[in-house]
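This report describes selected side-chain features, beginning with one strand residue and turning then to aromatic rings.

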Amino acid sequence: MKRIGGLLLLLFALSLFSCNALKKLQQFYINYNTQVVFPANIPVNLPLSITSPEIQTNSSQVFQNNNTSSNLIQSITLNKLSLKITSPSGQTFSFLQSVSVYISTDSLPEVEIAYDNNIPANVGDSLALSVTNADLENYIKAIKMRIAGTTDQLLTTNVDATVNAQFFVQANLLAALN
């Protein structure tokens, strides 16, 4: 009787471990980076809008590298997004009051994915934005990013920045077994 109880306990522990291991196999991150330019002489206290070039995501290859495919994706959400000034040296984001980042595709409407509405005057050259919980599953193939915001200082030179985005992907590997 003790053997049966021990065996059942062992089987339960193995199945629990297997479920957790399988769940981790179903989850992965996709990182994308793009460059944007905040142009000199943006009017102060007026809305700004900067559009990045289209980002080719190569999602089919990314999914294949993670042993899944687009039809097995359950959800894709933005995990984190940051902006980092690359030039000029010493420039900070203090010229911004607020910023929002949107994505769109040729066939899907624009959706806000990240924002910061109260950028302090003593901010540095990096901004970690708050992310929304928008489901971006249909946006991940080829996206356009747009940065919108309001400035509170006049820029005298262009400011180059990198947008670093990390998306969290939840796939359903069990569906592939059915």
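## Side-chain environment and aromatic pairs

Thr162 is found in strand β9, residues 159-171 (strands being DSSP runs of E with at least two residues, helices runs of H or I with at least four, both numbered from the N terminus). The model is predicted: local features need pLDDT of at least 70 and side-chain atom pairs pLDDT 80 or more, whereas totals for chains, interfaces and linings use all residues. Residues are numbered from 1 along each chain as its sequence is written, and side-chain values use heavy atoms, without hydrogens and water.

Thr162 counts as buried because its relative accessibility is 11% (buried is under 20%, exposed over 50%, partly exposed in between; 1.4 Å probe, protein chains only). Its side chain forms a polar contact of 3.1 Å with that of Gln35 (N or O atoms within 3.5 Å, one able to donate a hydrogen and the other to accept it; residues adjacent in sequence count only if both atoms are side-chain atoms).

The structure holds six aromatic pairs (ring centres of Phe, Tyr or Trp, the latter by its six-membered ring, within 6.5 Å; planes under 30 degrees apart are stacked, over 60 edge-to-face, the rest tilted). Two of these pairs are tabulated.

| Pair | Centre distance | Plane angle | Class |
|---|---|---|---|
| Phe28 and Phe63 | 6.4 Å | 70° | edge-to-face |
| Phe38 and Phe93 | 6.1 Å | 80° | edge-to-face |

Phe28 in strand β1 (residues 27-38) and Phe63 in helix α2 (residues 59-65) are 35 residues apart, and both are buried. Phe38, also in strand β1, is 55 residues from Phe93, in the loop between β4 and β5. Phe38 and Phe93 are buried, and ring pairs link them with Phe95 into a cluster.
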